[in-house]
Number of protein chains: 2
Amino acid sequence: MTLDTTPGPIWSDDALWLDDFAEGMTFRSGEYEVTEEELVEFATHYDPQGFHLGEEQARGSFFGGLAASGWHTAAITMRLLVTSELRVATGLIGTDITLKWPSATRPGDVLHLEITVDSVSRSASRPNRGSVVFSYDTLNQHGEVRQHTTARVVAWSRPAGA
Amino acid sequence: MTLDTTPGPIWSDDALWLDDFAEGMTFRSGEYEVTEEELVEFATHYDPQGFHLGEEQARGSFFGGLAASGWHTAAITMRLLVTSELRVATGLIGTDITLKWPSATRPGDVLHLEITVDSVSRSASRPNRGSVVFSYDTLNQHGEVRQHTTARVVAWSRPAGA
């Protein structure tokens, strides 16, 4: 990335720096209820396909009923991540993502995240920076997995005095 | 996926079925202009981090200025894909996605997609269905790549009479 490499603002005193992460750490998010209104509004703008737009159009489709756009599930997942107990000091800046949608989010789903640190690595050439790979499942109130994500997030060592 | 496996509605007469795809085919999308207003509105709801919310908060950050959420770039990319000349007969239903954000979308970016078919595969157990892997770059008006995506999309053989 041809971007400024200085750390950004610190979000909170208990925020975590590169040095604070270790494989196997876990974090949890709050909850987010997905309404039919928001589901249809998002799809109307960003993924206008019949099975995301109305119960009637969705009935004969692959999904057998109204289903959220996977990209809507992804956007909600990001909100849950940003507002979770996982606080990366310089913010959540992802560079490489993999997504799977084993099932589609439905109206009335109450989603939350279960987050794990998969790995931590430090740059050989710039040892004050590195990356943390997180994996997280987006689950509804019945434990059904709506999205599985892995994300490589940039992180910096704690600066002197922070 | 524990979902109905019958094909969904057909979107248009010139839509493409599994049999119609071949490695190396290319498609193009229309354009989408990203306004500062939409950028901030999306981030306020789905990715409320300072560098996505306002020029002033973004100035000292990693991005050096106001930058769109990667998930906003991903949502716009889906709109461009759904409205592009690539018309999958049963709709665009992705199951496995990889994303890279080599640079961040900025206010004033006019985005478009360049889409390629990477591979086509048929299910051994259910030969009337399979999947197509597409890769696509989301580029701005200066040719800067804002997102690189690969997406596995489910597809069916053309039914008798279609």
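Leu113(B) has Thr138(B) as its bridge partner in strand 5 of chain B. This is a predicted model: local features need pLDDT of at least 70, side-chain atom pairs count only at pLDDT 80 or more, and totals for chains, interfaces and linings use all residues. Residues are numbered from 1 along each chain as its sequence is written, while chains are lettered from A and ligands numbered from 1 in the order in which they are written.

**Strand pairing in chain B**

Strands are DSSP runs (E, at least two residues), numbered from the N terminus. Two of them pair if DSSP finds at least two bridges between them. The table lists pairings of strand 4 (residues 110–122) of chain B.

| Partner of strand 4 of chain B | Sense | Bridges |
|---|---|---|
| Strand 1 (residues 26–28) of chain B | antiparallel | 3 bridges |
| Strand 2 (residues 32–33) of chain B | antiparallel | 2 bridges |
| Strand 5 (residues 129–139) of chain B | antiparallel | 10 bridges |

Individual residues can be placed too. Phe27(B) sits opposite Ile115(B) of strand 4. Glu33(B) has Val110(B) as its bridge partner in strand 4. A hairpin of 6 residues connects strand 4 of chain B to strand 5 of chain B.

**Relation of the two chains**

How many degrees of rotation superpose chain A on chain B? The rotation is 180°, with 0.0 Å of shift along its axis and an RMSD of 0.0 Å. That is the relation of a two-fold axis. The superposition is by least squares on the C-alpha atoms of residues with pLDDT of at least 70 in both copies. Thr98(A) comes closest to the rotation axis of the residues of chain A, at 2.2 Å (C-alpha). Both copies use the same surface: 100% of the contact residues of chain A recur in chain B. Contact here means C-beta atoms, placed from the backbone, within 7 Å.

Key
Two residues are in contact if their C-beta atoms, placed from the backbone, lie within 7 Å. Helices (H or I, at least four residues) and strands (E, at least two) are DSSP runs, numbered from the N terminus.
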